[in-house]
Amino acid sequence: MSIDKPTSIRKGEELDSLKLKAYLKARWSNFKGNLSVEQFPFGFSNLTYFIRADGKEYVLRRPPFGANIKGGHDMEREFNVLSRLQHGYPKAPKPILFCEDEKVLGAPFYLMEKVTGIILRNKAPKGFNLNEELMRKISAYSIETLVELHALELEKSGLLEMGKPNGYVNRQVEGWVNRYYKAETDKLEAMDEVADWLQKNIPSQQQTAFIHNDFKYDNLVLCPKDPAKVIAVLDWEMATIGDPYMDLGTSLAYWCEAKDDDALKPFNLTWMPGNFTREEVIEYYQQKSATDVPDLLFYYVFGAFKIGVIVQQIYARYKKGFTNDPRFAHLIHVVKACGKNGVKALEKGRI
């Protein structure tokens, strides 16, 4: 069975170990001075490093090089979300410390505990049988985890302070449309069509809950002894207070099926036999949350557009030379696939 393993650090994404060691020694009472740094090779947004400190394992997260830190990749906010989740949500990794001083590593960063488990990336872990029965269980437990998140208490936990629920959907549509055109590198008619439709079809009724905003298989840590069980949820950079159906819509858009464009399949294993279909995801979510989700077409199309924008931003950074990661060279095809999925849903009138 395979667990996520770090590798050597990619060129251009190195950390200054001496500065990091000095900072930790000055600010972290538990640190005695022994430090090693490697990099996790997965993910397309914030950079994630594997830290061994005095024989214990941690994870360090910082924004990607060349990113607009003020407009996104807010490390302090992600650290604060994790801190508040410690009071009542056991599946959030424990945060250790936050550093806002950009002189240390060139950008703000934070350190958190490392949760050891199985993460389903773009292929089955080595020596691990993802049979149909197991995939079905993983599908079910992942949706149950999403429902749990949406049911979290907001006021006593302080989570309500992490967002502005009033007008959330309107702001999201406007914000993601603006981000897309700021990062645009190629003229894609499908993305233009979806952007225009979203702005004209915002639902009048909106709900309020704590939402993850990037909920998918590769942000879940599964138990090594019982792989159907989710023991941790990762990557909280976009978590906020907003409409839970926007969260569900994004997850549905990530939920690739066997019939979908091959460009989308490296990002999720939901297309493998045994997984729920998107329709089954909706049914199971509604069953477990005891709700009927309205305006499903809007939320799914928004999710497809949003994912396209996220990938477009990464691709634009690659085109500008801020990263030489070869995985980014073909991401424009993912943006095209997202746009096409959105248009296809609009043409059918359903997801």
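1. Disulfides: searching the whole structure, which is a predicted model, turns up zero of them. Cysteine 256 is accordingly in no disulfide, and the nearest cysteine sulfur to it, that of cysteine 338, sits 9.8 Å away.

2. Why no bond for cysteine 338? The closest cysteine sulfur is the one in cysteine 256, and at 9.8 Å that is too far for a bond. A disulfide here calls for sulfur atoms within 2.5 Å.

3. Are these two cysteines buried or exposed? Cysteine 256 has a relative accessibility of 2%, so it counts as buried. Cysteine 338 is buried as well, its relative accessible area being 6%. For both calls, the cut-off for buried is under 20%.

4. On to the helix pair. Helix α7 covers residues 244-254 and helix α9 covers residues 296-319; the two pack at an angle of about 65°, and their axes lie 7 Å apart. The crossing of α7 past α9 is right-handed.

5. Who meets whom there? From α7 the contact takes in Tyr245, Met246, Gly249, Thr250, Leu252, Ala253 and Tyr254. Facing them from α9 are Leu296, Phe298, Tyr299, Tyr300, Phe302, Gly303, Ala304, Lys306, Ile307 and Ile310. By type, the residues of this α7 contact with α9 split into 13 nonpolar, three polar and one charged. If you want to check the tally by eye, bear in mind that Tyr counts as nonpolar and Gly as polar.

6. Alanine 253 is a handy residue to click on. It belongs to helix α7, and with 12% relative accessibility it counts as buried, because the limit is under 20%. Leaving aside residues up to four places away in sequence, alanine 253 touches Tyr300, Gly303, Ala304 and Ile307. Those four also appear on the α9 side of the helix contact.

7. One more distance for alanine 253: its C-alpha atom and that of lysine 216 are separated by 9.7 Å, with the two positions 37 residues apart along the chain numbering.

8. Last, the strands. How much of strand β4 is buried? Four of its five residues (the strand is residues 95-99) are, so β4 is largely enclosed by the rest of the structure. Its pairing with strand β5, residues 109-113, is antiparallel and runs over four bridges. For a landmark in that pairing, look at leucine 97, which stands opposite leucine 111 in β5.

Terms used: Residues numbered from 1 in each chain as written. Predicted model: local features only at pLDDT ≥ 70, side-chain atom pairs only at ≥ 80, totals over all residues. Heavy atoms only, no water. Axes fitted to C-alpha atoms, helices over the stretch in contact; angles between N-to-C directions. Left-handed = near helix turned anticlockwise from the far one by under 90°. Contact = heavy atoms within 4.5 Å. Buried < 20%, exposed > 50% of the residue type's maximum accessible area, 1.4 Å probe, protein only. Pairing = 2+ DSSP bridges.
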